[in-house]
Amino acid sequence: MKPTSIQRAWRTTACIAVLALASAPAWAAQASAQQVRELMGVFGVNRMFQQMNVQMAGMMGQQLPCVPASYWNNFLDEKGMAELTEKMIPIYQRHFSAAEIDGLLKFYRSPLGRKVVAEMPSTMAEGMQVGQQWGRERAQAMMEQLQKDGTITGEGRCPATAPAQPALGKPAGKPSK
């Protein structure tokens, strides 16, 4: 039995759909390493790395006061930043196509995008302060409720528990061999 024109049309449509789905990744070209480096430059990633280095140096200096500050201050040098940048490029390439990176570049080069980049450190720092304060208040309220319910003691600890019950099949007080 010969296929009807409707059956042939459905087969053709199905073949086109399969080919389209199979070649979809080709439509969304992968971003080049250069595009990602450019985007990271617009973001000011090196400046962020340097700020991270200062924070890390401060923390490490407190934990290891015997190590000179100059060691920590130079921990993330130009070579380190370049290494980290190269490790981050594949991450951006997995998550964004070339067209999307181009769109991000266009946005971050716009006046609003430049403002986002400039204001993000301040908004993130303020947001972290608010989040920390909220977390402390929330933890305090939970601890007070747990104390009120008798779940924990006034010192914030679990109350002493009764001795463990003997395992099934073993009489209490007799050591097992």
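Begin by selecting helices α4 and α6 in this predicted model: α4 passes α6 in a right-handed crossing. Helix α4 covers residues 45–63 and helix α6 covers residues 78–95. Viewed along the crossing, the two pack at an angle of about 120°, and their axes lie 11 Å apart. That angle makes α4 oblique to α6, because values from 65 to 115 degrees count as roughly perpendicular and those over 145 as roughly antiparallel.

Next, display the side chains at this contact. On the α4 side, select Asn46, Phe49, Gln50 and Met52. On the α6 side, select Glu78, Met81, Leu84, Thr85 and Met88, which the α4 residues meet. Colouring the contact by residue class gives 5 nonpolar, 3 polar and 1 charged.

Remain on helix α6 and select Glu86, then add Arg37. The side chains of these two residues meet in a salt bridge, with an N to O distance of 2.9 Å. Glu86 belongs to helix α6, whereas Arg37 belongs to helix α3 (residues 33–43), so this pair ties together parts that are 49 residues apart in sequence. How exposed are the two partners? Glu86 is partly exposed, with a relative accessible area of 40%. Arg37 is likewise partly exposed, at 32%.

From Arg37, move along helix α3 to Glu38 and select Arg109 with it. Here the side chains of Arg109 and Glu38 form a salt bridge, at 2.2 Å from N to O. Arg109 lies in helix α7 (residues 98–109) and Glu38 in helix α3, so the pair ties together parts that are 71 residues apart in sequence. Arg109 counts as partly exposed, at 41% relative accessibility. Glu38 is partly exposed as well, with 31% relative accessibility. A search of the whole structure finds 2 salt bridges; helix α3 contributes Arg37 to one pair and Glu38 to another.

Finally, select the whole chain and display it as a cartoon. Which secondary-structure elements does the chain contain? There are 8 helices and 0 strands, and from the N terminus the order of elements reads α-α-α-α-α-α-α-α. Colour the chain by accessibility next: of its 177 residues, 15% are buried. A contact map provides the last view. Among contacts between residues at least 6 apart in sequence, 63% join residues at least 24 apart.

Notes. Residues numbered from 1 in each chain as written. Predicted model: local features only at pLDDT ≥ 70, side-chain atom pairs only at ≥ 80, totals over all residues. Heavy atoms only, no water. Axes fitted to C-alpha atoms, helices over the stretch in contact; angles between N-to-C directions. Helix = DSSP H or I, 4+ residues; strand = E, 2+ residues; numbered from the N terminus. Parallel < 35°, antiparallel > 145°, perpendicular 65-115°, else oblique. Left-handed = near helix turned anticlockwise from the far one by under 90°. Contact = heavy atoms within 4.5 Å. Nonpolar A, V, L, I, M, F, W, Y, C, P; charged D, E, K, R; others polar. Salt bridge = Lys/Arg side-chain N within 4 Å of Asp/Glu carboxyl O. Buried < 20%, exposed > 50% of the residue type's maximum accessible area, 1.4 Å probe, protein only.
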